[in-house]
Amino acid sequence: MNNSKYIVMKTLSFSVFALGVMLLNSCVPKEKGTTITVKNELGFERTFETVVLSKSELNVEDLNVLGIKDKETGELQLTQLVDNDGDGIMDDILFQPSIAGNSEKVYDIVSITEAEKPKAEELCYSRFVPERTDDYTWENNKVAFRMYGPRAQQMIEEDIPGGTLSSGVDAWLKKVEYPIINNWYKKEMENQGAYHLDSGEGLDNFHVGQSRGVGGVAIKKGDSYYFSKNYTKWKTITTGPIRTSFYLEIGDWDVDGNPIKESKIISLDLGSNFSKFEVTISGTDTLSAGLTLHEKDGVVNENNNDAWVSYWQPHADSELATAIVVPKTTFIGFENYDSEVADLSNAYAHMKVDNNKVVYYAGFTWKESGQFKSQAEWESYLGTFSEQINTPLAVKVILK
């Protein structure tokens with residue numbers, strides 16, 4: 001009897017030990033053998049830039065079980081998975097490395113459980129807003145924007161109050177880093193006009209009308225600019241701690257009888273004042289993106305070397321700056337277009353269409369947010385941002 005008891009106790013002790021080892025191992029990220037080298041070829045530290053790694057690049061079947069670990073510190077990076085085509089399978093994994101100037105860092109791809117993944121608030125957010133006609137609105141921790149849909153257009157065309165006919169991009173002037181979209185719409189539904197008043201988070205007092213707002217597109221023919229109407233279809237692609245992105249389809253429009261087809265994917269990443277516009281367009285070999293000049297009482301500055309245009313202006317009892325930055329490979333030039341017609345005065349950046357594609361960045365800053373203290377600080381940021389988009393982080397995947 002004593003011998004049997006001893007055997008059972010030994011077996012039980014071994015089982016508990018084995019279970020402990022298994023649990024310990026499950027908490028330690030397991031190396032997949034694949035490494036990622038991220039190189040910064042510029043002379044300053046880069047922090048809020050998103051690296052995108054596809055499932056095919058990493059040669060894996062399931063991104064859900066992968067993590068990214070700093071090889072030097074062992075720290076797991078915050079990541080976000082993206083399903084680009086809506087088939088339920090994650091296609092890309094995103095992260096934002098911190099890389100010192102003129103240096104590189106190495107990251108290991110590791111196997112982790114869902115519980116082991118670093119968590120963060122969903123600061124990059126967007127959604128369709130049926131309760132406010134059919135806005136599509138997006139934000140991150142710095143800025144917020146919106147565009148207008150087909151019902152808003154129909155209301156104007158049928159003389160129904162409350163509509164908006166515009167393909168311009170609206171700016172929501174937030175001065176807090178947490179999400180405000182749902183809160184502001186909730187207040188607006190309870191008390192019409194509430195989000196036009198600053199309750200401490202900022203407000204919507206940016207006028208768009210028929211202007212281009214902050215980066216709406218146009219096509220120039222002769223001395224005139226032509227615009228589309230509102231978007232007709234939408235699809236949210238992703239929201240999360242690092243990026244929100246979505247698809248908008250524009251109803252067919254024309255330029256003096258020439259038919260135009262247009263759609264776009266718009267994305268906004270954590271820490272950036274700029275939305276990225278990836279436009280697919282046919283019927284033209286050039287495209288312009290504009291900034292409204294409102295009362296024309298501000299300062300338009302252009303930088304041909306860095307391919308940006310900016311408008312710094314008085315705004316209510318504060319100041320506001322908007323800007324467009326274009327990759328140098330597609331940049332053509334700028335125009336400060338002055339018109340006596342309301343909302344048609346815009347500062348334009350002209351771009352060439354390459355294989356029916358155009359990419360540009362549009363964004364803003366509001367002085368009340370405390371992000372930039374002066375026009376000079378803002379324009380310095382534009383120069384840095386231009387360097388970043390024209391010299392992206394160099395990413396090398398080494399499969400083992």
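The turns below go through the fold, one sheet with its helix, and the nonpolar cores of a predicted model.

User: How many helices and strands does the chain have?
Analyst: The chain has 400 residues, of which 50% are buried. Its C-alpha atoms fill a box of roughly 105 × 50 × 45 Å along the principal axes. The secondary structure comes to 5 helices and 25 strands.

User: What share of the contacts with a separation of 6 or more joins residues 24 or more positions apart?
Analyst: Contact here means heavy atoms within 4.5 Å. Among contacts in the chain with a separation of 6 or more, the share from residues 24 or more positions apart is 67%.

User: Which strands stand at the edges of the open sheet of 5 strands?
Analyst: The strand order in this open sheet is 7-8-9-10-11, and the pairing is antiparallel. Strand 7 (125–129) and strand 11 (202–203) each have a single partner strand, so one side of each lacks a neighbour in the sheet. The edge strands are therefore strand 7 and strand 11.

User: Which residue in strand 10 stands opposite Arg-146?
Analyst: Strand 9 (residues 144–147) and strand 10 (residues 170–174) run antiparallel and are joined by 3 bridges. Opposite Arg-146, strand 10 places Asp-170.

User: What angle does the direction of helix 4 make with that of strand 7?
Analyst: Helix 4 (residues 181–190) packs on the sheet and touches strand 7, strand 8 (135–139), strand 9, strand 10 and strand 11. Its direction and that of strand 7 make an angle of about 30°.

User: Why are the buried residues of helix 4 on the same side, and what arc do they cover?
Analyst: The buried residues are Ile-181, Trp-184, Tyr-185 and Glu-188. They lie on the same side of helix 4 because the arc they cover around the axis is only 95°. These buried residues pack against strands 7, 8, 9, 10 and 11, whereas Lys-186 and Glu-190 are exposed on the other side. The arc asked for is 95°.

User: Which residues have the most contacts inside the largest nonpolar core?
Analyst: Nonpolar side chains tend to be buried together in soluble globular proteins. In this chain the largest nonpolar core has 49 residues. Beyond its neighbours within four places in sequence, Tyr-360 contacts residues including Phe-277, Ile-324, Val-326 and Met-351. The residues with the most contacts inside the core are Trp-138, Ile-324 and Tyr-360.

User: How many residues are in the other core, apart from the largest one?
Analyst: This other core lies apart from the largest one. Its members include Val-51, Ile-68, Tyr-107 and Ile-109, and its size is 16 residues.

Definitions and conventions
Residues are numbered from 1 along each chain as its sequence is written. This is a predicted model: local features need pLDDT of at least 70, side-chain atom pairs count only at pLDDT 80 or more; totals for chains, interfaces and linings use all residues. Side-chain values use heavy atoms; hydrogens and water are left out. Two strands pair if DSSP finds at least two bridges between them. Helices (H or I, at least four residues) and strands (E, at least two) are DSSP runs, numbered from the N terminus. Axes are lines fitted to C-alpha atoms, for helices over the stretch in contact, and angles run from 0 to 180 degrees between N-to-C directions. Buried means under 20% relative accessible area, exposed over 50%, partly exposed in between (1.4 Å probe, protein chains only). The arc is that of the directions from the helix axis to the C-beta atoms. A nonpolar core is a set of buried Ala, Val, Leu, Ile, Met, Phe, Trp, Tyr and Cys residues joined through side-chain atoms within 4.5 Å.
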